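Let's take a walk through this structure together, beginning where the chains meet and then following the strands.

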Amino acid sequence: MENKLISLSRLGKGKCATIEKIDEALLPHDVELECGELERRLLEIGIIEGVKVTVMHFGLINRDPIALQLNNGEIMVAIRRNEAEIILVKPIENL
Amino acid sequence: MDISINTDSVTEKQLRVALVGKPNCGKTALFNALTGSRQKVANYSGVTVEKKHGYFKTSQGTLVTLVDLPGTYSLRSRSPDEKVTRDVVFNQFNQEKPIDLIMAVVDATNLSGCLRLVLELKQTGIPVVIALNMIDLAKIRGFEYDLEELSRQLGCAIIPTCAIKKRGIHELANEIDHYHDSLVTPNQWREPDREMVREYHRQVHNIIRAVEKRKGMPSLWSAKLDKLFLHPILGLVILLAILFGMFQAVFTWATIPQGWLQGIFDSAQTYIAGLNPNSFVVSLLANGIIAGVGSVVVFLPQILTISLFIILLEDTGYMARAAFLMDKLMGGVGLHGRAFIPLLSSFACAIPGIMATRTIENRKDRLVTILISPLMTCSARLPVYTLLISAFIPAKTVWGFANLQGLVMFALFAAGIIFGLVMAFIFKTFFFKGDRQPLMLELPSYKAPNLYNVVMELIKPAKSFLRRAGTIILWVMIVIWFLSSFPLPPAHATEPAIDYSIAGIVGKFLEPLFKPIGFNWQIVVALIPGMAAREVAVSVLATIFALSGVSDDAVRESLSTVLQHAWALPTALSLITWYVFAPQCISTLAVAKRETNSWQWPVIMFIYQMILAYLMSWIVFSIAGHLFR
């Protein structure tokens, strides 16, 4: 399991992971934002490499959006499944 | 002492201080605690921005103008709201004095989220003072910081505060006295790109490592509450229950104080009208001003109730959860989750609703939200709905528990929402093609609302409503009274006086245009001033019927009884429908113009609403005409 990065959008409810890489190039479709903007917005709200995320809640339809706890509850943020695609994480096995 | 003020040593020292911080850091509470009631809301001339200023004096007598700025994550501007903050900090509004000092509000329970903005603010070269807010909460949760080290690392003064308990407020105010213009350095701020954002975060991380003596616990309460409120199904049920409770409160609790107000105005009108039945001045006072303004002011309890709910939802942190729950549903018609908050505010009034769209980053999303916000049933429509429903819909109980009048009211709200969503879908599909914008929403921890703040925030809509009643509505009432009183009827008139007046003539001239949807000339007369403010239509009808003197007794009875005799049911239903859709509010159009900076959007808004209103009224009138013949 080591070194295997998965997209945050594939992480199940209640699972923890460390953010390893945020890369816009992974986005499966186009957005109207200028280059680097999506990445920058994620960074600004606190989704940064090295941060520990816990998937807390899902929305009703298609489990979208996703509510994430950052750094053990320092802050909670919500993003859509779409944007979660570009966030690569390393899962932390729950004890 | 200070030598820099020798030029104006006679006048006292004055400083402009900008209050800057992330959303949900307790900035508004701090603003209220510092300035109390000495606040002023006005618009920057020429630009689309509302400015909130407050004033206070430090212990050394410095007069401080505190500028409250919208919450922002960064000085770069991605939404119109964030642009305001940047423009004020960099003094883009030339008619104003530049900012002398920045007061940065930092949430003590979330340093890592707040310090990046502080680092950015330091780059501007303007001296920064930090209010380390919510320090009490941070202590309870176990956070401990080395404040001296933090102050040294950041290079600015740090005052721990607890705005809602008013702790540290004096110290914060007095810290401003240490300002000296030699502290100002050249501006080095550049818009951070993604790598710079990462670099800022690394710095923040290092600072926190150096100053954090103990790391606190996350809010356990918030986590527990979120299990309930963000539950995919239960959460939506709770949201619906809250909205239902909100509308119930408006139509049940608020009607009690409304009855008292109504009683006061009624007796005042009767008393004054009785003083001298033949005097024009008395007629103007009683039938024009008191009847007209009174019939609007009685809706103050409703406006306060709906505003109270919105303030509480915002203050407790629930509003962000609502946006989370609604995001996917609203996404179905192409709206952004953030659009939920402006649309909910539009139920109080479309004007703050449209202004609240400033938090929506994308222009297209913002325009669609602005265009549909007038379809949300604002409180100004309540007088019209309440009057017509109480006159034409029987108050019987259906299904064992629900009041039929309440159900009709609910249906009107629902119609506004449904057609709002339909229009959003149409706009989004045909006029604003494009991908959905990303959602990035912070879900702040829940907080108990603070009474002082709630009252301070509640006073604002109450003030602006009463100011409207005292200005626009007052003038409209006087003009209407005049138009419907002159010219005087001929000596041996057979019809009521108003038939011979200017209002009667105009109404009758326009009547054919509205005949297909069942409106008579009295309604047409009421619609025209109703453009100034929807609720005026009720007062105008009151004035017209008071003047057309169906009979003196009938006027003393309530207006709704009078209408029952004067109108057929299809006409009433058609008018109700008209009010769901019609662009009956000049202020809304004016705000849309101001906020979009072009005439194009208010014009489109007016036209689509007009077509929709006429069409729907015609359908309702035709169907009702067949059913209730």
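In this predicted model, 35 residues of chain A are in contact with 29 residues of chain B. On the side of chain A that touches chain B, the elements giving two or more residues are α1 (37-45), β3 (52-58) and β5 of chain A. Of these, α1(A) supplies the largest share, eight residues. Sorted by class, this side of chain A holds 17 nonpolar, eight polar and ten charged residues.

Now turn to the strands. Strands of a sheet pair through backbone hydrogen bonds, in either a parallel or an antiparallel way. Here you will find an open sheet of seven strands with antiparallel pairing, and its order is β1(A)-β6(A)-β2(A)-β3(A)-β4(A)-β5(A)-β12(B). At the edges stand β1 (6-7) of chain A and β12 (440-443) of chain B; each has a single partner strand, so one side of each is left without a neighbour in the sheet.

The partner of β12(B) deserves a look of its own. Strand β5 (residues 75-79) of chain A pairs with β12(B) in the antiparallel sense, over four bridges. Following the pairing residue by residue, Met76(A) has Leu443(B) as its bridge partner in β12(B), while Ile79(A) stands opposite Met440(B) in that strand.

Chain B also brings a helix to this sheet. Helix α13 (residues 318-331) of chain B packs on the sheet, where it touches β4 (66-70) and β5 of chain A as well as β12 of chain B. The direction of α13 makes about 140° with that of β12(B).

Definitions and conventions
Residues numbered from 1 in each chain as written. Chains lettered and ligands numbered in written order. Predicted model: local features only at pLDDT ≥ 70, side-chain atom pairs only at ≥ 80, totals over all residues. Pairing = 2+ DSSP bridges. Contact = placed C-beta atoms within 7 Å. Axes fitted to C-alpha atoms, helices over the stretch in contact; angles between N-to-C directions. Nonpolar A, V, L, I, M, F, W, Y, C, P; charged D, E, K, R; others polar.
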